[in-house]
Every structure is written in C-alpha cells, then in structure tokens.
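Colleague: I would like to go through this structure slowly, asking at each step what a word rests on. Could you set each value against its cut-off as we go?

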Amino acid sequence: MITQWLCLLLLLAAVATPVSAQAPGVPIEEPGEATGSKDIIEKAGVLREAGKLLSSEKVVELMEKPVPEKVELPAAKAAPLGRADICELARHSRLRVGWYYLCHKCSHWHTRLAGGYALTEDGVIATCHHVAKPEKDMKEGYLIVVDGDGVVTPVTSVIAASAGLDICILRAAGGKFSPLPLNDNVRPGDAAYCLSDPLGINGYFSDGMVNRFYRKPGNSGTPEESLRLHVSTDWAPGSSGSPVLDQCGNVIGHVSTISSMTGPREGKGGPPRGGTQIVLHEASPARGAINLLKAAALEAEGKQE
C-alpha cells in the first residue's frame, strides 16, 4: 500500500513539474521570415529616414576605393573551450550583415541578411565580399549590421575589400560589439565550429575539423588571394560571412561557398552517376583578413605622412 501511494505521489510531482528539452537560459530559435523580420525592417527604416545608411551605389564606390585605417586586433586566445561554451561564445558575438532593400516587383521593404563577425568593440566588421556587394534585383538598397539582440547598426565605411579572397571589412557606427580574435595558425585535423543561419534555419551550430588548405582554381588574383580552406562543419546559403571558430573561440576563417560534387555523367549531358558524392565547404582564411588589415594600416599611415 505504501509503495502504491509513493508511486502516485511521484507521478503527481512529475505532472506538476514543467519539462523542457533545453537547459535554463538556452534560447529557442524562431523560424525565419521569408522577406525579413518586420522589427528589423522598421528599425532600418528609421535609420534610412534619418539619412544614416549607406546606399548601394556608395557601397560599390567604397568597395572599389576603400577608406583604409589602422585596426588594433585582439590577441588570439590559447585556452581550449568545450563545444557548448564555443556555441555560447558564437551566439553572444553573433552578427548578421546584409541588405535592407526595395525589389523591382513590389513597394515593400525586405531584408537579405547573411553572417558577419566583429573584429573590434567599436565596429570593425568582417564578412564576405559577395555579401557586401549589392545584387541586381535591388531597386534601392542599404547595407546594415544586425546584432544578436536585433539592434540595427548602419555601415559607414569600407576599410578593405578583396573579391579574390571573398573578404570585406566594414566600419559600423553606433553599436558595441563582442569581437572575435583571428588565428591563422591552424592545420588540417584541428577542430572547427560554425554558428549560422543556413537556408533560414536560425542559429544552427555544428562542429567538424579543418580538412585542407588549397589554392582556389581559376582565381585570377595573387597566390594569397586564392588561398582557401575546406572544413567539415555544416552550412548552406544564408551562412556566408559567418565565422568558423577553432577550439579556443578564435576565427580561423569565414563561410564563403558550398559545392556539391557529383560522379561522372551517364553519357553526354546525362544525369550524374550516383548523385551527390561529397559536399565541400569552402572558407576564406583568417590570414586573408589579417593581410588586408596590414595593408590598410600601411596605406592609412602613408596618407597621414
């Protein structure tokens, strides 16, 4: 009888206790909106009406002729972290970079945001060159930075840009950011982590490793501009510019492209034999961003003399 009462009490306690799948403080990601968050669109609209946003035409001009400056980077960290701690660090420093724009099909404002990461607290931001470059489907567009709390910050300048490296380093004004150090001292087999929004799947965290360093074929730039690394973390369109982190929380590169490799085709123009056989995740290396900033610092010093 006592055993039956004890079982009943335990059952009632279980029913009365809220059950969660996540630990306390872990956010639940909301689904992405097809045309962009209404909140972000409204905040960006306020900045546009105040004349604080750079137009797509001005961004193109600055990417072709950046305004260099000397940037002091934080030192790389040496203490290894656990996977959950790296995820929390990535979430805390999370940025999205992209466009607030009007398309040619309607009169409504949209956003197209990808990834980015802060290099300094005062607003030096890195992302992909192809993220910062305006697309042809925009009738009118403005480049913005959005932090993890949904604060929208205007981009005010371009410090350095390289289409060959797929790196663009921006200056944003008015925000306070959580910078991530750069680390170019990595090798195949080292751990790699990425938090991004692939195909609108917000806050997707994955781990893997550095697969290899290589020269990107067909790149018309210098040998340094063709340097890339493959990593086995997961990403997809929407992840571009998101930082790839090492086991200490340093940036070793950022998401650039994804390629699905298929087997040989069955006859001329036929379907690939065996379908997709491997998916390659290509990142722009931290060394590229470091070298761009070194060159920008030298150019800025030369202009001051």
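Modeller: Let us begin with a pair of facing residues: Ile 125 in β3 stands opposite Leu 170 in β6. Please keep in mind throughout that this is a predicted model.

Colleague: How do you know that β3 and β6 are paired?

Modeller: Two strands pair if at least two bridges are found between them, and four bridges join β3 to β6, which run antiparallel. The count meets the cut-off, so the two strands are called paired. On β2 (residues 109-118) the reasoning is similar, since two bridges join this strand to β3, again in an antiparallel manner, and Tyr 117 of β2 stands opposite Ala 126 in β3.

Colleague: What lies between β2 and β3?

Modeller: The two strands form a hairpin with five residues between them, and in the turn Gly 123 has a positive phi of about 110 degrees.

Colleague: Which residues cover the two faces of β3?

Modeller: Val 124 and Ala 126 lie on one side, Ile 125 and Thr 127 lie on the other, and all of them are buried. In a regular strand the side chains alternate between the two faces of the sheet.

Colleague: Why is Ile 167 called buried?

Modeller: Buried means under 20% relative accessible area, and Ile 167 has 0%, so the word applies. Ile 167 lies in strand β6 (residues 167-172), and among the residues that it touches are Thr 127, His 129, His 254 and Leu 292. Its C-alpha atom is separated by 9.6 Å from that of Ala 286, although these two residues are 119 residues apart along the chain.

Colleague: Why does Thr 153 count as buried?

Modeller: The relative accessibility of Thr 153 is 3%, which is under the 20% cut-off, and therefore Thr 153 counts as buried. This residue is found in strand β5, where its contacts include Ile 144, Ala 172 and Phe 177.

Colleague: What makes the buried residues of helix α3 lie on the same side?

Modeller: In α3 (residues 56-64) the buried residues are Ser 56, Val 59, Leu 62 and Met 63. They cover an arc of only 120 degrees around the axis, and this is why they are on the same side of α3. An α-helix has 3.6 residues a turn, so residues three or four places apart point the same way. The buried residues pack against several elements, including β1 (95-103), β4 (138-147) and β6, whereas the face turned away from them carries the exposed residues Glu 57 and Glu 64.

Colleague: How do you know that Cys 103 and Cys 106 are not bonded through their sulfurs?

Modeller: A disulfide needs cysteine sulfur atoms within 2.5 Å, and the sulfur of Cys 103 is 3.7 Å from the closest cysteine sulfur, in Cys 106, so the two are too far for a bond. A search of the whole structure finds zero disulfides.

Colleague: Where does the confidence fall below 50?

Modeller: The protein chain averages a pLDDT of 89, and 88% of the residues score at least 70. Over residues 9-19, however, the pLDDT is below 50, and beyond near neighbours in sequence this stretch has zero contacts in the model. Where pLDDT is low, the predicted coordinates should not be read in detail.

Note on methods: Residues numbered from 1 in each chain as written. Predicted model: local features only at pLDDT ≥ 70, side-chain atom pairs only at ≥ 80, totals over all residues. Heavy atoms only, no water. Buried < 20%, exposed > 50% of the residue type's maximum accessible area, 1.4 Å probe, protein only. Contact = heavy atoms within 4.5 Å. Arc of directions from axis to C-beta. pLDDT = per-residue confidence, 0-100.
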